[in-house]
Amino acid sequence: MVIDLIEIVTEYKLIQVRELINDKYNRYILEPDMDISNQPQKVKDICNAEWNEEIKNKWIAKKQKDLEDYNNLPINKK
Amino acid sequence: MPFIGNKPSAVPLTSADITDGIITSAKIADGTIVNADINASAGIVSTKLSGVATQETGTWTPSWSLAGGSITSIDTTAYSYVKVGRIVVAQVQAHLNTSSGSGAITFTLPFTTSGNGSFVGTEYGQAGLILYGQYADNTTDASMAYTGSFTQNGYFRATVIYRSVS
């Protein structure tokens, strides 16, 4: 397995990781409030460089807002 | 007048008369290269073709969570995606073993979303339920749920079609 692409997207500094496994791609996304202890060092370094407390708090606030919006949708109140 | 440069071995010139790597773009008249000049095995990557949407296929590794309970294990999984330009088609299937359960099931997507959207999922192995799914703008998660009590140990499938941020 080789990590062939690491993308940092949006103001929340989400980390999109692409791996190359037997000539096929596999992806996953890391969010600023996630545990990255099991990540490869290369990924950890980028996460630690990008995710300061401000970014983490901003992301947590956004997720909370998204959850409130989701729960307030009429279809979710039935 | 003496010949300047490499003297051609024959007229017209052959490939051997031209030094390797010296023909530049400036020496090729605009509009002269045609389809037949490109070898079928050239394998030009789409990122080098202006105006052509890039395409990527693969699998991804989602994280799962359950709003009103805990997931003890996951099996029977199949996660695949196709991305053409910014359009993503993500197919997900998983059997979630839950100790208890209610509320929305959430899984992470292969790419960050751009715009809010909805999708439909199913619980196909136990109660045979239709689930309605939603995702928010600028996020990595998709959630799906249905009205009523949650069936434990459900088999879930969904296809999420959405626009990604890049």
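How many residues of chain B are in contact with chain A, and how many residues of chain A do they touch? In this predicted model, 20 residues of chain B are in contact with 17 residues of chain A. The two chains also contribute strands to one open sheet, and a good way to get to know the structure is to start there.

**The sheet**
- The open sheet has 12 strands with mixed pairing, and its order is E1(A)-E2(A)-E3(A)-E1(B)-E3(B)-E4(B)-E9(B)-E6(B)-E7(B)-E8(B)-E5(B)-E2(B).
- Strand E1 (2–9) of chain A and strand E2 (64–66) of chain B each have a single partner strand, so one side of each is left without a neighbour in the sheet.
- From one strand to the next, the twist averages 25°.

**Where the chains meet**
- E3(A) and E1(B) run parallel and are joined by 3 bridges.
- A:Arg27 has B:Trp60 of E1(B) as its bridge partner.
- On the side of chain B that touches chain A, two or more residues come from each of strand E1 (55–60), strand E7 (129–135) and E8 of chain B.
- E1(B) gives the largest share of that side, with 4 residues.
- Sorted by class, this side of chain B holds 7 nonpolar, 12 polar and 1 charged residues.

**Within chain B**
- Strand E5 (residues 105–108) and strand E8 (residues 141–145) of chain B pair in the antiparallel sense over 4 bridges.
- B:Thr108 has B:Asp141, in E8(B), as its bridge partner.

**Within chain A**
- Helix H1 (residues 41–50) of chain A lies across E1, strand E2 (14–21) and strand E3 (24–30) of chain A.
- Helix H1 of chain A runs at about 10° to E1(A).

Terms used: Residues numbered from 1 in each chain as written. Chains lettered and ligands numbered in written order. Predicted model: local features only at pLDDT ≥ 70, side-chain atom pairs only at ≥ 80, totals over all residues. Pairing = 2+ DSSP bridges. Axes fitted to C-alpha atoms, helices over the stretch in contact; angles between N-to-C directions. Contact = placed C-beta atoms within 7 Å. Nonpolar A, V, L, I, M, F, W, Y, C, P; charged D, E, K, R; others polar.
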